[in-house]
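Here's an informal walk through a structure that may be new to you. Have a look at it first, and then we'll go through some of its details.

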Amino acid sequence: MTKSRIAVIGAGLMGHGIAQVFALAGNDVTIYDPVMAALDTVKARISANLQDLGDDPSAVERVQPCHNLADAVAEADYVVEAVSEDLLLKQKLFAEIERNVRSATILASNTSVIPITKIMRGLQDRSRALGTHWWNPPFLVPLVEVIGTEWTSPQAIERTIALHRDAGKMPVHVKKDVPGFVGNRLQHALWREAIALVEHGICDAETVDTVIKASFGRRLAVLGPLENADLVGTDLTLAIHQTVLPAIESRPGPSPYLEKLVADGRLGFKSGEGFRMWSAEEQSALRSKVLQHLKKARAQE
Ligand SMILES: NC(=O)c1ccc[n+]([C@@H]2O[C@H](COP(=O)([O-])OP(=O)(O)OC[C@H]3O[C@@H](n4cnc5c(N)ncnc54)[C@H](O)[C@@H]3O)[C@@H](O)[C@H]2O)c1
């Protein structure tokens, strides 16, 4: 397994976790962020994560914070951007990155939803540009969606998939650059119906979550929907769809119920109330439950 020189741009929630994963796999990692509070704490945050997970603490020594972008990317084989979700910022950043990297360096964006085509269209060489969509926290959720545009070379996709596989991730190839890629399209199709059930008074928000967690949610980590369709039979799946699909939510925009929550300042954990009420204790209990669950899943892999 050859080691690579990785540059991570942005040392926030995702950037520090991505740097940690690549460093733990033995790669040398440079990381850049213009906000000193982010850059100066990045090694301490990675060290704390490594300790908490029982991973090799010396991995942090392979992470080098850089105070300017050009230094961070100059020697990199692979650059991944994890800055704020802002198209203009990302476009400007990649233009600057391209001026400072070697010709064979792969350029990746970790955007959540912005089409990679929009971010990369101004580059001189768009064949080496692609998307890599990680999930939070990067060191606990295995999937990375590798998204090619119409310009991305097959070699750039192959090298990126190999790099992530070697780092212990589970990369998948998304062949078309569509909004939401694959994971967020699936996730938000479910959320749309979840919100509609509450909006139409069919059940309350807690019931929606209980139904999912206590039924098909139990199976989802080991049985995907298409495996499930084959398991029960495509004929049964067709019969179910003939009855259910005309009845479920299909509006193309966000729910008015969701828009009203936001307009009323019911922003969820941020304001203490969203679909449900959340005390500070309930918020921290839920966060910790999710983290424990993800750690247990990683330990069982
Ligand atoms: N948070 C998630 O669950 C998640 C999951 C997948 C993808 N993403 C995507 O990853 C990206 C980063 O998200 P995050 O949650 O880590 O955000 P964050 O706010 O925690 O971190 C963003 C970092 O970018 C830095 N930054 C701003 N301008 C910069 C510049 N010019 N150069 C370098 N760094 C700069 C900020 O100082 C900050 O430290 C976004 O595009 C986001 O949509 C987030």
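Phenylalanine 181 sits in the loop between strand S8 (170-174) and helix H8 (183-199); helices (H or I, at least four residues) and strands (E, at least two) are DSSP runs, numbered from the N terminus. Its phi is near 50°, a positive value in a residue other than glycine. Phenylalanine 181 also counts as buried, at 1% relative accessibility, where buried means under 20% relative accessible area, exposed over 50% and partly exposed in between (1.4 Å probe, protein chains only).

A quick note on the source: this is a predicted model, where local features need pLDDT of at least 70, side-chain atom pairs count only at pLDDT 80 or more, and totals for chains, interfaces and linings use all residues. Residues are numbered from 1 along each chain as its sequence is written, and side-chain values use heavy atoms, with hydrogens and water left out.

Another loop, between strand S6 (129-134) and strand S7 (143-147), holds proline 137. A cis peptide bond, with omega about -5°, joins asparagine 136 to proline 137.

Now for the ligand. Its oxygen atoms make these polar contacts (pairs of N or O atoms within 3.5 Å):

| Residue | Partner atom | Distance to a ligand oxygen |
|---|---|---|
| Methionine 14 | polar backbone atom | 2.8 Å |
| Aspartate 33 | side-chain N or O | 2.6 Å |
| Serine 112 | side-chain N or O | 2.6 Å |

Taken alone, the ligand exposes 830 Å², and the protein buries 75% of that (Shrake-Rupley method, 1.4 Å probe).

Technical notes. A polar contact is a pair of N or O atoms within 3.5 Å; within protein, one must be able to donate a hydrogen and the other to accept it, and residues adjacent in sequence count only if both atoms are side-chain atoms.
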